[in-house]
Amino acid sequence: MNSALNRPVSIFTEGSPNPNSMKFVVNFELVPSGLSFDYATPGDALLDGKASPLVVALFGFDFVRRVFISSNFITITKDDETDWDEIMLELKYFLKDYFGEQKPVFSQRTMDANSAKLDMDSETVQKIKAVLDQYIKPAVESDGGAINFYSFDESSGTVKVLLQGSCSGCPSSTLTLKAGIENLLTRLVPEVKLVEAEGV
């Protein structure tokens, strides 16, 4: 048995700008850098490319409305009726047991499909992703959300990004996008002229 797998699991929680979303941060990486997964319905957790036994289990709690996994955290969005005080410990214990028993976060198919994706980027796209990873993601993740590269159109210089987790549908996210993210990307990657959010 690999001793790295027997590590103690520690979990702490952080609020987010969305009062219904809570960030559960663990002391190890759940997702390779540059990847994140958003689940708006229980059925999403069964789809090819993002299948996750952990998310299926989380949707088993009837107050869970959305799950988002990135880097070393899971953002759980609850319904309006339930108080965090009533469910926080229950979710923490559930996650601690789940990781303690070394159950998989994703199916093997999901891991295989996504590692292939990371190897096919142009030089400009690699630069854009590097800026997102180093400068922008940490700030967005500290609010329980995530930003992911979606596409880059070389002819117009337009980068499209996906805002997920607690950023999804948050009114201040559009402002952040234009004021912070677009300024930084256009400065650091001259090929970029415009940044837009996909699906907002």
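Let's start with how the chain folds back on itself: among contacts in the protein chain with a separation of 6 or more, 61% join residues 24 or more positions apart. Keep in mind that this is a predicted model.

So what is the chain built from? It has 5 helices and 8 strands. If you walk along the sequence, you meet them in the pattern β-β-β-α-β-β-α-α-α-β-β-α-β. Of the 200 residues in the protein chain, 44% are buried. The surface that the chain exposes comes to about 10,200 Å², with carbon and sulfur atoms supplying 53% of that.

**The nonpolar cores**

How many residues does the largest nonpolar core have? It has 32, and the residues with the most contacts inside it are Ile 69, Ile 74 and Phe 99. Several elements chip in: β2 (21–26), β3, α1 (53–58), β4 (64–70), β5 (73–78) and α2 each supply at least two residues of this core. Helix α2 gives the largest share, with 7 residues.

Ile 69 is a good one to click on. Leaving aside neighbours within four places in sequence, Ile 69 is in contact with a list of residues that includes Leu 30, Val 31, Phe 37, Tyr 39, Leu 54, Val 55, Ile 74, Val 105 and Phe 106. Two polar-named entries, Ser 36 and Ser 52, are on that list too.

There is also a second, separate core, made of 18 residues, and among them are Val 131, Ile 136, Ile 147 and Leu 184.

**Rings that pair up**

Now for the aromatic side chains. The structure holds 8 aromatic pairs. Here are two of them, side by side:

| Ring pair | Distance between centres | Angle between planes | Type |
|---|---|---|---|
| Phe 37 and Phe 106 | 4.6 Å | 45° | tilted |
| Phe 94 and Tyr 98 | 5.9 Å | 45° | tilted |

Why do these count as tilted? A pair is called stacked when the planes are under 30 degrees apart and edge-to-face when they are over 60, so anything else is tilted. The planes of Phe 37 and Phe 106 are at 45°, so that pair is tilted.

Where do the partners sit? Phe 37 is in strand β3 (residues 36–39), while Phe 106 is in the loop between α2 (84–100) and α3 (108–117), so this pair ties together parts that are 69 residues apart in sequence. Phe 37 has 6% relative accessibility and counts as buried. Phe 106 is buried as well, at 7%. You have met both rings already, as contacts of Ile 69.

Phe 94 and Tyr 98 tell another story: both lie in helix α2, 4 residues apart, which is about one turn of the helix. Is Tyr 98 buried or exposed? At 5% relative accessibility, Tyr 98 counts as buried. Ring pairs also link Phe 94 and Tyr 98 with Phe 28, Phe 61, Phe 63 and Phe 99 into a cluster.

**Charges over rings**

Some rings have a lysine for company. Lys 23 lies over the face of Phe 73, at 4.7 Å from the ring centre. Over the ring of Tyr 39 sits the charged end of Lys 50, 5.1 Å from the centre.

**One last residue**

Finally, look at Val 195, which lies in strand β8 (residues 194–197). Its relative accessibility is 0%, so Val 195 counts as buried. Val 195 and Thr 158 are 37 residues apart along the chain, and their C-alpha atoms are separated by 5.7 Å.

Methods:
Residues are numbered from 1 along each chain as its sequence is written. This is a predicted model: local features need pLDDT of at least 70, side-chain atom pairs count only at pLDDT 80 or more; totals for chains, interfaces and linings use all residues. Side-chain values use heavy atoms; hydrogens and water are left out. Rings of Phe, Tyr and Trp (its six-membered ring) pair if their centres lie within 6.5 Å; planes under 30 degrees apart count as stacked, over 60 as edge-to-face and the rest as tilted. Buried means under 20% relative accessible area, exposed over 50%, partly exposed in between (1.4 Å probe, protein chains only). A charge sits over a ring if NZ of Lys or CZ of Arg is within 6 Å of the ring centre and within 35 degrees of the ring normal. A nonpolar core is a set of buried Ala, Val, Leu, Ile, Met, Phe, Trp, Tyr and Cys residues joined through side-chain atoms within 4.5 Å. Contact means heavy atoms within 4.5 Å. Accessible areas come from the Shrake-Rupley method with a 1.4 Å probe; for residues, only the protein chains shown count as cover.
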